[in-house]
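Please open your viewer and load the model shown here. We will go from the whole chain to single residues, one selection at a time.

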Amino acid sequence: AEFARISANYEGQFGCSLLAARRIFPEAPNHKLATLIKYTGIPSEGEFHRALYDSEMTAKLWLNMITSIEDRYELQSLSFSTIQKLSKISKKSVHAFLEKQQA
């Protein structure tokens, strides 16, 4: 929507860290960035709601989510497209979806 507003195009791929986190960490108290950083034990020494800091923390959270899935399901690597698909499936289907990735 923002690109359309400024008459620009985006040709890259998109992945939503919030939707992914809701499926990977359903037991987290909530899925705000600061809460997830604390929940996962990622060290942080900055101020949330600052663009650069939030983007750095989001990148660290994204890498943590990938590692968490790879460790939990004994996967060698997890593709970006798999995370995109994971973000779109129902929460109750996550375990079965990730088990299929082991094959």
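pLDDT is the predictor's confidence in each residue, on a scale from 0 to 100. You need that term at once, as this is a predicted model. Color the chain by pLDDT: the mean for the protein is 93, and 99% of its residues reach 70 or more. Among the elements, helix H1 (residues 2-5) has the lowest mean pLDDT, 86, and H3 has the highest, 97.

**The whole chain**

Switch to a cartoon view. You will see six helices and zero strands, so to the eye a pattern of α-α-α-α-α-α along the sequence. Taken along the principal axes, the C-alpha atoms fill a box of roughly 45 × 35 × 25 Å. Of the 103 residues, 31% count as buried. Now look at contacts with a separation of 6 or more: residues 24 or more positions apart account for 47% of them.

**Stop one: helix H2**

Select residues 17-24, which form helix H2, and show the side chains of its buried residues: Ala20, Ala21, Arg23 and Ile24. Turn the view until you look down the axis of H2; the buried residues fall within an arc of 165°, so they line one face of the helix. What do the buried residues of H2 pack against? Add helix H3 (33-40), helix H4 (51-73), H5 and helix H6 (94-100) to the selection, and you have the partners.

**Stop two: helix H3 and the glycine after it**

Keep H3 and pick out its buried residues, Leu36, Ile37 and Thr40. They cover an arc of only 100° around the axis, which puts them on the same side of H3. A general point about helices helps here: an α-helix has 3.6 residues a turn, so residues three or four places apart point the same way. The cover over the buried residues of H3 includes H2 and H4. Step past the end of H3 to glycine 41, which has a positive phi near 80°.

**Stop three: two loop residues with positive phi**

Next, select histidine 49, in the loop between H3 and H4. Its phi is positive, about 75°, although histidine 49 is not a glycine. Is histidine 49 buried or exposed? Histidine 49 counts as exposed, because its relative accessibility is 71% and the cut-off for exposed is over 50%.

Then move to glutamate 74, which sits in the loop between H4 and H5. Glutamate 74 is not a glycine either, yet has a positive phi of about 50°. With a relative accessibility of 70%, glutamate 74 also counts as exposed.

**Stop four: where H4 meets H5**

Show H4 and H5 together. Two packed helices are described by the angle between their axes and the distance between the axes. Here the axes of H4 and H5 come within 12 Å and cross at roughly 90°. That makes H4 roughly perpendicular to H5. Which residues meet at this crossing? On the H4 side, select Trp62, Ile66 and Ile69; on the H5 side, select Phe80, Ile83 and Leu86. Sorted by class, this contact has six nonpolar, no polar and no charged residues.

While H4 is on screen, select glutamate 56, which lies in this helix. Glutamate 56 is partly exposed, with a relative accessible area of 38%. Draw a distance from its C-alpha atom to that of threonine 82: the two residues are 26 residues apart along the chain, and the atoms are separated by 22 Å.

**Stop five: helix H5 and glutamine 84**

Finish on H5. The buried residues to show are Thr82, Ile83, Gln84, Leu86 and Ser87, and they pack against H2, H4 and H6.

Zoom in on glutamine 84, found in helix H5 (residues 80-88). Why does glutamine 84 count as buried? Its relative accessible area is 18%, and buried means under 20%. Leaving out residues up to four places away in sequence, glutamine 84 touches Gln13, Phe14 and Gly15. Select those residues together with glutamine 84 to see the contact.

How values were computed:
Residues numbered from 1 in each chain as written. Heavy atoms only, no water. Helix = DSSP H or I, 4+ residues; strand = E, 2+ residues; numbered from the N terminus. Buried < 20%, exposed > 50% of the residue type's maximum accessible area, 1.4 Å probe, protein only. Contact = heavy atoms within 4.5 Å. Arc of directions from axis to C-beta. Axes fitted to C-alpha atoms, helices over the stretch in contact; angles between N-to-C directions. Parallel < 35°, antiparallel > 145°, perpendicular 65-115°, else oblique. Nonpolar A, V, L, I, M, F, W, Y, C, P; charged D, E, K, R; others polar.
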